[in-house]
Amino acid sequence: TDKLAAFCHLAAMPEGPEVAKALQTFYDDAKGDALVVNKWFSMQAAADVPDVLSRVEKLMQHPDFTLRNPNRLRSVISVFAQNAAGFHQADGSGYAFLTRMVLEVDKLNPQVASSLARAFSTWPKLDEARRKSIKEQLSALQAKEADLSK
C-alpha cells in the first residue's frame, strides 16, 4: 500500500525523466500481473494534472493496452471519464475523446461502449457551456445511430 500511495503521487507529477523511470519501475515490478498492470494504467488516467487527456492517449499506445480487453479498457477510459478535472475540460476535449471511444468500442463490445456513454449522464449538473458541449457530443453519437449496435 505504501508503494501504491507513492505511485499515486508520482502519477500526479509533471512528466520528466525521473518520473518516467519511476512509473516504468512500478510497471516492471508488476511482472505482468493483470490486476497490478490495470492499477498502473488507472492511477495514471486518474491523475489530477492538466495534461491528463494527452497522458491517456499516450497510455493507449502502450503495448499492454488494448480495447479488446474490457478490464484494461475500463482501467484507462472509464477512469478518465470519472476524472472530473480531466474529463470536464472547458474546451470539451474530454467529451470529444469519449465520443470517439464510444464509437470505436461499440464495434468491439457494445455493452462496454454503452457503459462508457453513461459518463455523459452528469450533463444536467454542469454549467451551461459544458452542457452545450456534451449535447453536441450526444448529437454526434445520435447522428451515427445507424452505425451503432442495437
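His-88 touches Asn-83, Tyr-95, Thr-122, Leu-126 and Arg-130, leaving out residues up to four places away in sequence; contact here means heavy atoms within 4.5 Å. The model is a predicted one, in which local features need pLDDT of at least 70 and side-chain atom pairs count only at pLDDT 80 or more, while totals for chains, interfaces and linings use all residues. Residues are numbered from 1 along each chain as its sequence is written, and side-chain values use heavy atoms, with hydrogens and water left out. His-88 sits in the loop between helix H6 (84-87) and H7. With a relative accessibility of 16%, His-88 counts as buried (under 20% relative accessible area, against over 50% for exposed and in between for partly exposed, with a 1.4 Å probe and protein chains only).

A second polar residue worth a visit is Ser-75, which belongs to helix H5 (residues 70-81). Ser-75 is buried as well, at a relative accessible area of 5%. Its contacts, not counting residues up to four places away in sequence, are Asn-38, Phe-41, Ser-42 and Ala-45.

Turning to the whole fold, the protein chain has 9 helices and 0 strands, where helices (H or I, at least four residues) and strands (E, at least two) are DSSP runs numbered from the N terminus. Along the sequence, the pattern reads α-α-α-α-α-α-α-α-α.

The largest nonpolar core holds 42 residues, of which Met-60, Ile-77 and Leu-98 touch the most other members. Helices H1 (2-11), H2 (17-30), H3 (34-45), H4 (52-59), H5, H7 (93-106), H8 (110-117) and H9 (128-143) each supply at least two residues of this core. Such a core is a set of buried Ala, Val, Leu, Ile, Met, Phe, Trp, Tyr and Cys residues joined through side-chain atoms within 4.5 Å. Met-60 is in contact with Phe-65, Leu-67, Val-76, Ile-77, Phe-97 and Met-101, leaving aside neighbours within four places in sequence. In soluble globular proteins, nonpolar side chains tend to be buried together.

Of the 150 residues of the protein chain, 39% count as buried. The radius of gyration is 16 Å, which agrees with the value near 15 Å for a compact globule of 150 residues; this radius is taken over C-alpha atoms, and the globule rule is 2.2 Å times the number of residues to the power 0.38. Along the principal axes, the C-alpha atoms fill a box of roughly 45 × 30 × 25 Å. Among contacts with a separation of 6 or more, 56% join residues 24 or more positions apart.
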